[in-house]
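Biologist: I would like to learn how to read a model like this one, feature by feature, with the general idea set beside the particular case. Could we begin with a single side chain and its surroundings?

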Amino acid sequence: MPPVSDVRRIPAIAAFVYPSGYDTSPLLARVAHLLRLRDVALAGAIQHNDGAGAMSLELLPSGRRMIISLPRAAAGACKLDNCALADAASVMRQALDAGPQLAIFNKFGAQEASGRGLHAEFAAAVLSETPLLTAVSGSVLPRWTAFTGGADTRLDCTPEAALAWWDGL
């Protein structure tokens with residue numbers, strides 16, 4: 001048996017669980033803003049829907065935005081630009097490697113539930129024992145539970161819930 005100091009801790013993981021169609025981006029942006037006011041070192045990304053179907057990620061901690069949607073995607077087609085998402089993921093990984101106090105990811109969605117999207121970045125945060133805050137749609141909640149092994153805290157969709165969770169760490 002390895003010495004206790006060699007055993008990994010389970011990091012603090014929290015998720016806003018939201019119904020399908022609910023946009024958690026403003027909520028996560030507000031939480032990130034409030035945590036920055038407390039000088040909490042952040043890493044991760046918050047998605048913004050910029051009108052006309054355009055999507056961007058606001059990368060933390062820099063605030064830089066990267067467009068992650070394809071121009072003029074066909075109706076009903078996936079609008080995600082996987083190459084742009086991979087570029088954003090690389091920047092996110094560098095921020096995670098810098099040792100933030102908290103990682104905030106826009107959502108654990110269908111892409112992540114199937115092992116794509118930002119799945120590797122979620123795993124990197126967990127493996128680095130960085131506390132993690134995200135949003136999870138009820139439609140992928142079983143996959144989220146499998147990913148976390150049930151070791152997550154479910155939050156009401158309010159900034160106060162996230163701040164109370166953070167303050168309790």
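Biologist: Where does His48 lie, and is His48 buried or exposed?

Modeller: Bearing in mind that this is a predicted model, we can place His48 in strand E2. Burial is judged from the relative accessible area, with under 20% counting as buried; His48 has 13% and therefore counts as buried.

Biologist: Which side chains make polar contacts with the side chain of His48?

Modeller: The side chain of Glu58 makes one such contact, at 2.8 Å, and the side chain of Arg65 is joined to that of His48 by another, at 3.5 Å. Once the neighbours within four places in sequence are left aside, both of these residues appear in the contact list of His48, which also includes Ser25, Ala29, Ala54, Met55 and Ser56.

Biologist: Let us turn to a helix. How should its buried residues be read?

Modeller: An α-helix has 3.6 residues a turn, so residues three or four places apart point the same way. In H2 the buried residues are Ala84, Leu85, Ala88, Ala89, Met92, Ala95 and Leu96. They cover an arc of only 140° around the axis, which puts them on the same side of H2.

Biologist: Which elements do the buried residues of H2 pack against, and which exposed residues does the face turned away from them carry?

Modeller: The buried residues pack against four strands and one helix, namely E2 (42-49), E3 (55-60), E4 (65-67), E5 (102-105) and helix H4 (119-127), while the face turned away from the buried side carries the exposed residues Cys83, Gln94 and Asp97.

Biologist: What span should helix H2 have, given its number of residues?

Modeller: Helix H2 runs over residues 82-97, and at 1.5 Å a residue its 16 residues should span 22 Å; the C-alpha atoms at its ends are 22 Å apart, which agrees.

Biologist: What is found at the start of H2, and what just after H2?

Modeller: At the start, a side-chain oxygen of Asp81 comes to within 3.0 Å of the backbone nitrogen of Cys83, whereas just after the helix Gly99 takes a positive phi of about 80°. In the loop between E4 and H2 we also find Lys79, which is partly exposed at a relative accessible area of 36%. Lys79 is 26 residues from Gly53 in sequence, yet their C-alpha atoms are 7.8 Å apart in space.

Biologist: How many aromatic pairs does a search of the whole structure find, and how is such a pair described?

Modeller: A pair of aromatic rings is described by the distance of the centres and the angle of the planes. The search finds nine aromatic pairs. One of them joins Phe108 and Trp144, whose ring centres are 5.0 Å apart and whose planes stand at 65°, so the pair is edge-to-face. Because Phe108 lies in the loop between E5 and helix H3 (110-113) and Trp144 in helix H5 (residues 141-148), this pair ties together parts that are 36 residues apart in sequence. Phe108 is buried, with a relative accessible area of 1%, and Trp144 is buried at 0%.

Biologist: What is the arrangement of the rings of Phe108 and Phe147?

Modeller: Their centres are 5.4 Å apart and their planes at 40°, so this pair is tilted. The pair links distant parts of the chain, with Phe108 in the loop between E5 and H3 and Phe147 in helix H5, 39 residues apart. Phe147 is partly exposed, with a relative accessible area of 24%. Phe108, Trp144 and Phe147 form one aromatic cluster together with Phe105 and Phe122.

Terms used: Residues numbered from 1 in each chain as written. Predicted model: local features only at pLDDT ≥ 70, side-chain atom pairs only at ≥ 80, totals over all residues. Heavy atoms only, no water. Helix = DSSP H or I, 4+ residues; strand = E, 2+ residues; numbered from the N terminus. Expected span 1.5 Å × (residues − 1). Buried < 20%, exposed > 50% of the residue type's maximum accessible area, 1.4 Å probe, protein only. Arc of directions from axis to C-beta. Contact = heavy atoms within 4.5 Å. Polar contact = N/O pair within 3.5 Å; in protein donor to acceptor, adjacent residues only side chain to side chain. Phe/Tyr/Trp six-rings, centres within 6.5 Å; stacked < 30°, edge-to-face > 60°.
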